[in-house]
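Biologist: Could you take me through one part of this model at close range, starting from the whole chain and working inward? I'd like to end up at the packing in the middle of it.

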Amino acid sequence: MKRHYLLPDISQAGRIGCSLPHLDVPSSELPPEELLRQELGLPEVSEVDLVRYFTALSKLNYGVDTGFYPLGSCTMKYNPKWHEDVAKLPGLTALHPYQSEQSVQGALQLMYRLQEYLAEITGMNATSLVPVAGAHGELAGLLMVKAYHQARGDKARKKILLTDSSHGTNPASAAMCGLETGVVASDARGDLDLKSLESMMNEEVAALTLTMPSTLGLFDPKIAEISQLVHERGGLLGGDGANLNALLGQTKFGELGFDYVQLNLHKTFSTPHGGGGPGSGPVCVKENLIDFLPTPLVTEDNGRYSFMSPPKSIGKMADFYGNFGVMVKAYAYLRSLGPEELKRISEDAVLNANYVKEKLKPHYFLPYDRTCMHEVVFSGKKQKAKGVATVDIAKRLLDYGLHPPTVYFPLIVSEALMTEPTETESKETLDNYIAAMIEIAREAAENPEVLRNAPHNTPVRRLDEARAFRQLDLRWEIDHQKK
Amino acid sequence: MRPKHRQKAHNRERMTGTMPLPYLPHTEADRSAMLREIGVSSIEELFHDIPERFRNAEFSLPPPLSELELKKELRQLAASNSNLDDYACFLGAGSYRHFIPSTVEHIIGRSEFSTAYTPYQAEVSQGTLQSVYEYQSLICQLTGMEVSNAGMYDGSTSAAEAAMMACSVTNRSKVAVLATVNPTYRDVLDTYCRGKNLPLVTLESGSESFPSDCACLIFQQPNFLGYFEQIEAYVQKAHDVGALVIAIVEPISLGMFRPPGDYEVDIAVAEGQPLGIPMSFGGPHLGIFACRKEYVRRMPGRIVGRTVDADGNPGYVMTLVTREQYIRRGRATSNICTSEALMALAAAVYLATLGKRGLKHVAELCYHKAHYAAQAIDKLKGYSLVFPQPFFKEFVIRCPVPPSQINQVLLKRKIIGGLDISHLIDNGMLLCVTEANTKRDIDILVETLGSL
């Protein structure tokens with residue numbers, strides 16, 4: 001079979017991929033004809049062809065199980081296998097969300113404990129597990145900020161301050177809450193510029209949201225001053241917890257002055273990313289925001305667990321209670337770690353990033369030359385000067401069998417290359433990556449063409465994105481089935 | 001709410017302190033060598049930017065368990081739940097028990113799919129990208145709509161994002177929803193609408209006129225109470241005043257019933273969970289989102305397109321990315337980033353496994369079994385079928401006693417009864433029957449109800 005084929009190409013009338021039961025009750029009268037469907041254009045594929053088709057597709061993919069995946073800000077750590085096994089227990093998957101609480105006490109207990117553990121790790125007072133992704137958790141945080149100020153009768157606060165290195169989801173989430181955004185500049189060290197904050201932090205500002213450590217992989221030592229300034233002027237301090245991996249067991253968001261923080265269980269707590277989800281984006285809050293948390297929360301009373309809704313809740317954000325299946329894996333991860341082990345995770349994550357930083361510093365421009373946390377941001381501008389863009393460096397890494405770092409983000413670093421090795425990678429793996437990056441720097445100087453045409457040995461070569469945009473081809477149609 | 005209940009630390013002698021953690025490959029020799037390269041004497045030093053007074057926080061967490069111990073604990077915890085594999089389940093209302101062929105779990109379980117990130121590097125993500133293209137195609141075929149995105153969080157957030165999109169397309173700020181839409185969907189809509197300061201109006205089914213200042217009409221087909229709305233005239237009225245029409249549909253029903261693309265819908269959304277995804281106590285599920293081609297540039301979420309590579313071979317990329325938050329930031333069509341990609345893959349594999357005949361057959365099994373159950377219950381003394389309209393797999397019965405009491409009795413007989421909706425309809429219960437319910441299950445349900 002040729003490689004470029006789609007489901008309709010292996011479809012033949014009369015095939016099916018599974019066996020189905022016969023009707024075991026008398027059939028009833030059909031509804032009026034006008035309600036019925038005339039044509040259903042789905043492919044008809046045999047089980048073996050189907051399995052081979054998707055197996056072949058899977059081989060075109062690169063995952064954490066394939067190799068090193070230093071995608072900055074995404075914390076692509078290894079996902080332990082046994083978490084997948086426990087998450088498949090029928091007692092955890094064959095549960096209907098509307099079963100009586102008495103029949104799902106085990107599930108509620110797991111959620112309750114996870115709420116507690118996450119609050120403990122972040123130094124917060126309560127957790128809602130409802131948000132299903134990081135951006136969903138950000139939305140929850142900002143909706144709470146809005147509700148908090150409204151409940152105090154402070155209606156003028158309609159602005160959210162962000163830093164110029166923030167994730168794109170931060171301003172997008174603010175827009176979904178009908179809030180304006182203001183951008184606080186970074187200073188020469190890559191930290192938040194206090195003077196800029198000082199001048200912007202007025203009575204219209206509802207909150208400052210900070211990624212901690214920042215997307216530059218830097219911890220801002222002025223965090224106490226920032227928190228004090230924001231709170232003195234009536235604002236709240238919100239945390240984007242995408243980079244919690246750097247702080248696990250070291251310090252707590254609550255103690256740093258944050259009023260809320262949104263987490264990503266699919267990053268820090270090792271649940272697989274699934275090619276773009278499912279994730280889970282719990283939001284942890286201090287006492288002042290507990291009443292506003294998205295509903296429902298799990299409470300415990302004398303060993304009995306039940307759902308409850310906070311009195312001033314921002315409301316429901318999803319159909320049910322969040323991504324329970326993801327929570328199970330994060331719970332398994334957390335229960336396999338105590339306080340000491342949590343600390344060792346952040347230590348090795350930070351050690352690995354600094355090791356990569358030191359080894360690559362002679363070869364790539366390092367815009368902020370200081371100790372980094374869990375990730376390091378280089379700039380490809382030395383190479384750019386020779387006509388090699390960061391995208392070329394990334395594509396060339398693919399030829400070395402490695403996944404590239406995050407590129408062109410954060411926006412304040414030109415030609416950014418943001419590397420997050422994570423703690424699950426060995427020294428040998430890092431050395432292999434470092435060697436490839438050094439070799440690519442040499443190629444950039446000596447043979448730039450090989451980079452500009454990279455990748456050379458991937459399943460497909462560089463793809464024409466402009467054509468994809470101009471000539472939209474977003475689906476097959478069954479009419480095209482037999483060419 | 002503050003954690004008050006803490007687990008007591010185990011008193012037994014702990015030996016794991018001497019064991020390395022499987023997640024951390026570094027030996028002490030590795031760490032020392034790396035610290036030397038960095039030029040610091042301890043890992044501590046790498047954290048010097050964190051002010052001293054915030055360091056060394058105290059953590060009250062239970063001691064760690066090994067894989068063996070934890071598996072046992074989780075098996076016990078799972079066993080304390082009433083797992084529906086051991087019950088006859090007649091509960092639906094947004095999450096459904098359907099048969100899941102083994103192909104689905106095996107394919108989505110391949111770690112090349114499950115451990116990949118969002119496909120930013122297309123050359124090594126063709127597996128994910130091509131399967132999203134398949135998913136988009138299958139969803140278009142199923143719904144009769146022109147374009148689909150790569151999936152959203154769940155049915156309710158798909159509906160909410162559709163409302164936001166309609167406001168942006170029409171440049172209006174008011175959202176109209178029919179009262180027969182699933183109440184939790186309306187709650188989620190309310191949260192999103194309040195967030196964006198958009199008034200939400202609820203219209204009774206069968207209203208005469210449609211408010212001319214609304215951006216959209218949102219209805220559910222079949223509706224929350226299970227029956228099909230007679231909606232076409234009302235869809236016309238909404239279109240007449242320039243509003244977009246958003247249908248919330250049920251994907252299995254489309255194996256048998258008219259797809260939204262056939263009745264002038266602008267945006268179709270659905271909960272994708274019935275398509276090969278376990279109920280999992282409510283998540284992860286999948287939001288289906290499809291619309292007319294003319295609105296594709298206003299769509300939220302990822303979209304994959306087919307193109308060619310430098311050698312002219314076909315390949316796939318994420319496209320129309322200028323709609324997305326990582327490019328457009330505050331002016332993106334949505335804040336969505338990580339979604340439910342693996343669940344969309346499950347839905348694609350499910351639809352391809354069943355195919356044209358299989359999906360129709362499953363839909364017909366649901367239809368006939370639900371009608372068999374409804375007719376039998378309707379004949380019982382004290383029970384009645386509340387709505388005379390055509391329905392698919394869900395229907396409302398009026399019971400002689402409160403449904404909560406009935407459900408207690410059913411549970412003792414290993415039956416999970418329907419949803420208690422007595423707050424909406426006197427002694428009303430919303431029942432759901434699928435292909436996973438055998439005739440025997442249904443007969444026992446009917447017999448038990450009759451014995452009350």
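**From chain B to its core**

Modeller: Happy to. Chain B has 12 helices and 15 strands. Please keep in mind that this is a predicted model. The C-alpha trace of chain B spans about 80 × 55 × 45 Å along its principal axes, and of the 452 residues in chain B, 58% are buried. If you look at contacts in chain B between residues at least 6 apart in sequence, 73% of them join residues at least 24 apart.

Let's begin at the partner chain. The contact between the two takes 165 residues from chain B and 173 residues from chain A. On the side of chain B that touches chain A, helix α10 (residues 341–379) of chain B gives the most, with 21 residues. By type, that side of chain B divides into 76 nonpolar, 56 polar and 33 charged residues.

Now go inward. In soluble globular proteins, nonpolar side chains tend to be buried together. Here, the largest nonpolar core has 298 residues, and those with the most contacts inside it are A163(B), C216(B), I218(B) and I246(B). The largest share of this core comes from α10(B), with 24 residues, and α10 of chain B is also the helix that gives the most to the side touching chain A.

For the close-up, pick I246(B). Leaving aside residues up to four places away in sequence, I246(B) touches A159(B), A162(B), A163(B) and A166(B). I246(B) also touches C216(B), L217(B) and I218(B), as well as D266(B), I267(B) and V269(B). Among these neighbours, A163(B), C216(B) and I218(B) are themselves listed with I246(B) as having the most contacts inside the core.

Key: Residues numbered from 1 in each chain as written. Chains lettered and ligands numbered in written order. Predicted model: local features only at pLDDT ≥ 70, side-chain atom pairs only at ≥ 80, totals over all residues. Helix = DSSP H or I, 4+ residues; strand = E, 2+ residues; numbered from the N terminus. Buried ≥ 20, exposed ≤ 12 C-beta atoms within 10 Å, placed from the backbone. Contact = placed C-beta atoms within 7 Å. Nonpolar A, V, L, I, M, F, W, Y, C, P; charged D, E, K, R; others polar. Core = buried A, V, L, I, M, F, W, Y, C linked by C-beta atoms within 7 Å.
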